[in-house]
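Good morning, colleagues. Please have the sequence and the structure open in front of you while I speak.

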Amino acid sequence: MRIKGLLFVLIISMGGAASAQIKTRSYLIDPRRDPREHNVDFKHLRLEVSFNPADGLVKGKVTHRFSPLQQRVDSIVLDAINIRVKEILLDGKPVKYKNDSSYITVFPSVALTVGTTDSMVITYEANPLKGLYFIGWNDPNNMSRKQIWSQGQGTDNRCWIPMYDEMNDKLISELIVKFDKEYKVISNGTFLGSKDNKDGTLTWHYSMTHPHAPYLIMLGIGKYDIKETKSKSGVPMHLYYYPEWKDRVEPTYKYAEQMVDFYEKEIGVPYGWESYSQIPVQDYMFGAMENTTATVFGDFYFVDARSYLDRFYVGVDAHELAHQWFGDLITANSDAHHWLQESFATYYDQLFEREFFGEETFDWYRRSAENQALDESKKNNFPIAHSEAGAVRHYPKGAFVLNMLKYVCGDRETYNRAIKYYLQKHKYENVDSQDLLRAFEETSGLSLDWFWEEWVYKGGEPNYNVMYQESNNASQFLVTQVQDLTAITGLPAQGAQSMMATNDPFVSETHSENRPLGVYKMPIWFEVHYTDGTVSKRQVMIEKQSDLISIPNPDHKKTDYVLFDPGNNVLKTVSFNKPFEMLEAQALKAPQMLDRYDAVLAMKSIPLDKKRAVLIKAFNKETFHAVKEEVIAQLVADNNPESVDLLKKALRDKDVLVRKAALKELHETTPAFLSEMEPLLKDSSYDVIAAALEKLCYYNPSKTTQYLDASKNTEGTMGRNVITKWLEIAYSNTGDKQYADRLIAYSSDSYEFRTRTNAMTALKRCNYFDVKLVENCINAILSSNTRLSGPAAETLSYFAGQDKYKKGISDYISSKTWTSWQKKKLDAFSAK
């Protein structure tokens with residue numbers, strides 16, 4: 001395994017004689033562990049701004065009020081990417097400055113000193129490529145929505161506002177925006193009013209009342225209506241929507257008010273801002289962004305009641321709202337502690353969804369998180385508290401760690417008390433991971449340094465090998481930690497261990513209290529379920545390389561099945577081979593879904609004739625989709641009539657996720673399956689329709705025209721998924737250019753990026769090429785939205801790799817005038 005960086009060794013104790021053992025802790029170095037240095041504290045940012053949208057031009061005047069942090073300040077550095085300065089005034093007077101492509105450095109004529117408050121006014125222009133996005137203003141067909149919206153995270157607000165653009169300084173922001181009166185303008189904080197300028201424009205005025213991090217400053221402009229509502233606690237909520245999408249408001253903003261109420265109760269801290277708004281935007285490159293008081297989200301989440309079956313905004317909504325506490329109210333002071341924002345938002349979304357969708361939904365999120373974390377650890381062992389940890393660790397793994405922290409605390413109340421204290425103590429401030437640890441120590445009295453050591457500051461996960469046997473009066477579990485023992489995973493060494501050599505693994509165990517390097521310490525439950533329905537259980541702190549656990553059985557009851565970590569509370573890899581009879585009992589009787597799922601999953605390698613009846617019984621008893629999906633995966637290749645009947649039943653299941661799984665798994669179809677699939681062309685789920693249409697036409701091409709007739713005039717959900725698939729199949733079946741031309745139109749910038757990428761992908765599969773597609777692909781390649789530019793580049797590369805098309809592409813590029821950055825992006829295609 002290749003580990004980036006060096007090991008940082010912290011000497012914990014070196015007392016006594018020179019021969020005494022030195023105890024150490026080792027961590028991966030993080031180049032962005034520490035907050036960025038700055039010599040002034042910015043207090044207030046006032047931005048007066050107008051735009052020329054067709055040119056992507058920003059005309060701004062920003063006023064910074066600040067206080068020096070050092071005794072002598074003779075220069076001030078502001079982040080400013082390609083911003084053209086017109087004038088800078090410091091305390092009302094012109095001042096010398098240096099303006100390059102990345103920074104503005106201001107040189108006071110007299111050094112500033114601690115204890116003063118100063119102001120700086122910068123008049124400027126900019127054509128930002130990041131941070132602020134102009135959508136649809138140059139659509140030649142005038143069909144696209146016309147919007148302006150910002151995306152400040154990570155540090156992109158510096159592309160349209162000259163500012164100190166780092167998370168470790170908080171300020172009050174104020175935006176005064178002049179724009180066409182036919183549009184609505186939204187920014188952070190309180191709307192203070194608008195002024196009619198008598199020239200077809202309004203000036204909109206917003207201001208925060210509490211400080212927040214600069215990357216959270218936002219702006220949104222577009223044509224919207226607003227649903228005004230409030231939470232039970234009285235938080236004003238402004239839910240923006242496109243006027244023609246009024247029917248989508250209820251399914252999109254479902255539970256919006258209840259989320260605020262749930263979080264205020266669960267977290268114990270009231271919503272910390274003056275109001276809360278949400279605004280959908282076109283061509284958004286992420287899912288959503290938790291700007292303080294004003295979340296921006298991709299309008300692909302703005303769904304009607306039918307599309308809600310395939311994807312909905314609820315989880316994203318809950319995640320972004322949680323950030324108003326975790327990320328906005330308190331903010332990490334450096335990238336190394338980014339998990340304090342994303343892990344919390346992910347976890348509290350899961351808690352909300354558990355409240356409304358049930359325990360099994362919550363458990364399945366945790367299992368997905370575990371699988372992702374384990375896969376990520378095959379690449380490297382970065383901890384969650386590291387700037388290079390990556391999204392998997394900052395989001396799902398960190399959420400799992402927080403649930404483990406609650407589990408280790410022993411009860412929800414202890415955990416919640418610490419979180420409330422942590423938020424209240426650091427309200428409107430910056431924090432790091434130690435602040436969270438101290439909150440738990442100060443409110444619970446628990447010593448949790450070991451938990452932070454192995455789960456926050458170190459990477460990896462434990463790998464347990466579990467063996468089980470029964471003696472005359474006890475059930476015994478032998479737990480051995482078999483992960484690689486390294487200095488950057490698990491806990492530091494504690495003394496030395498010795499193993500007793502024997503042929504009996506239940507005797508070959510460690511009896512000392514010492515621990516080798518890299519072993520994990522976690523409390524784990526063990527359960528023995530008996531055939532009479534009773535259960536014996538015991539929780540043990542597993543903290544040695546090998547532990548032997550006994551559960552007394554004085555009445556000599558017959559064991560039905562046994563569980564190691566029931567409900568999967570501990571993030572881990574585990575191997576625990578059980579006899580089939582025990583797996584059968586667990587699959588059919590275990591009270592928790594994950595334990596039933598694990599039993600079914602463990603049957604993967606068992607012969608079909610042995611497991612078929614059990615799997616069918618499990619499918620018929622089960623209510624949660626994940627277990628049913630695993631049964632489908634194991635029986636899909638089975639030609640036994642009972643399995644065939646089950647798969648047909650799965651295609652009709654009331655749960656859309658089960659129907660989707662059945663469609664996905666069916667790779668070869670018989671006439672019997674085809675007859676079951678055909679009704680799915682009228683399914684309530686657009687995803688199911690698109691998948692059924694593709695499979696039916698592939699496996700039964702003679703009826704393609706009939707299938708197209710049955711599904712025509714269905715646009716679909718996100719990215720017009722049904723109609724783009726329909727047009728692709730229609731063109732492939734008939735060669736009629738009208739269908740390809742419609743796909744060409746969908747690939748243009750008159751449409752949002754998901755429709756465009758679906759259309760480009762369909763044209764690539766059809767191998768259909770014309771000069772208009774080249775134009776549309778190049779327009780997309782030059783987009784700042786990588787979720788559009790990436791697929792567009794792949795499409796153009798596909799055609800440029802064919803001799804009959806590459807000259808046409810090169811000639812088109814050569815015939816146009818490009819800026820330097822555009823030319824750089826297109827050189828690869830013109831050279832082919």
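I shall discuss some strand pairings and then two individual residues.

Please bear in mind throughout that this is a predicted model.

Let me begin with strand β13, which spans residues 172-180. Which strands pair with β13, and in what sense? With strand β3, residues 40-52, the pairing is parallel and extends over 6 bridges. Within that pairing, Leu-45 has Ser-173 of β13 as its bridge partner. With strand β16, residues 201-207, β13 pairs in the antiparallel sense, over 7 bridges. One bridge there links Lys-178 to Thr-203 in β16. Strand β13 thus takes part in a parallel pairing with β3 and an antiparallel pairing with β16. As a general reminder, strands of a sheet pair through backbone hydrogen bonds, in either the parallel or the antiparallel sense.

I turn now to another sheet. How many strands form the open sheet that contains β27, and in what order do they lie? The sheet has 3 strands, ordered β28-β27-β30, and the pairing is antiparallel. At its edges are β28, residues 535-542, and β30, residues 559-564, each of which pairs on one side only. On average, neighbouring strands of this sheet are turned by 15° against each other, with direction ignored. Strand β27 covers residues 522-530, and its antiparallel pairing with β30 runs over 5 bridges. At one position, Val-528 stands opposite Val-562 of β30.

Next, two individual residues, beginning with Glu-376. This residue belongs to helix α5, which comprises residues 359-376. Is Glu-376 buried or exposed? Its relative accessible area is 14%, so Glu-376 counts as buried, the cut-off being under 20%. Setting aside neighbours within four places in sequence, Glu-376 is in contact with Ala-389, Val-392 and Arg-393.

The second residue is Asn-700. Where does Asn-700 lie? The residue sits in the loop between α17, residues 686-699, and α18, residues 704-711. Asn-700 has a relative accessible area of 15%, and because this is under 20%, Asn-700 is likewise classed as buried. Not counting residues up to four places away in sequence, Asn-700 touches Leu-674 and Tyr-707. What kind of contact do the side chains of Asn-700 and Tyr-707 make? They make a polar contact, at 2.9 Å.

To close, I would recall the two residues together: Glu-376 is buried in the model, and Asn-700 is buried as well. Thank you for your attention.

Notes:
Residues are numbered from 1 along each chain as its sequence is written. This is a predicted model: local features need pLDDT of at least 70, side-chain atom pairs count only at pLDDT 80 or more; totals for chains, interfaces and linings use all residues. Side-chain values use heavy atoms; hydrogens and water are left out. Helices (H or I, at least four residues) and strands (E, at least two) are DSSP runs, numbered from the N terminus. Buried means under 20% relative accessible area, exposed over 50%, partly exposed in between (1.4 Å probe, protein chains only). Contact means heavy atoms within 4.5 Å. A polar contact is a pair of N or O atoms within 3.5 Å; within protein, one must be able to donate a hydrogen and the other to accept it, and residues adjacent in sequence count only if both atoms are side-chain atoms. Two strands pair if DSSP finds at least two bridges between them. Axes are lines fitted to C-alpha atoms, for helices over the stretch in contact, and angles run from 0 to 180 degrees between N-to-C directions.
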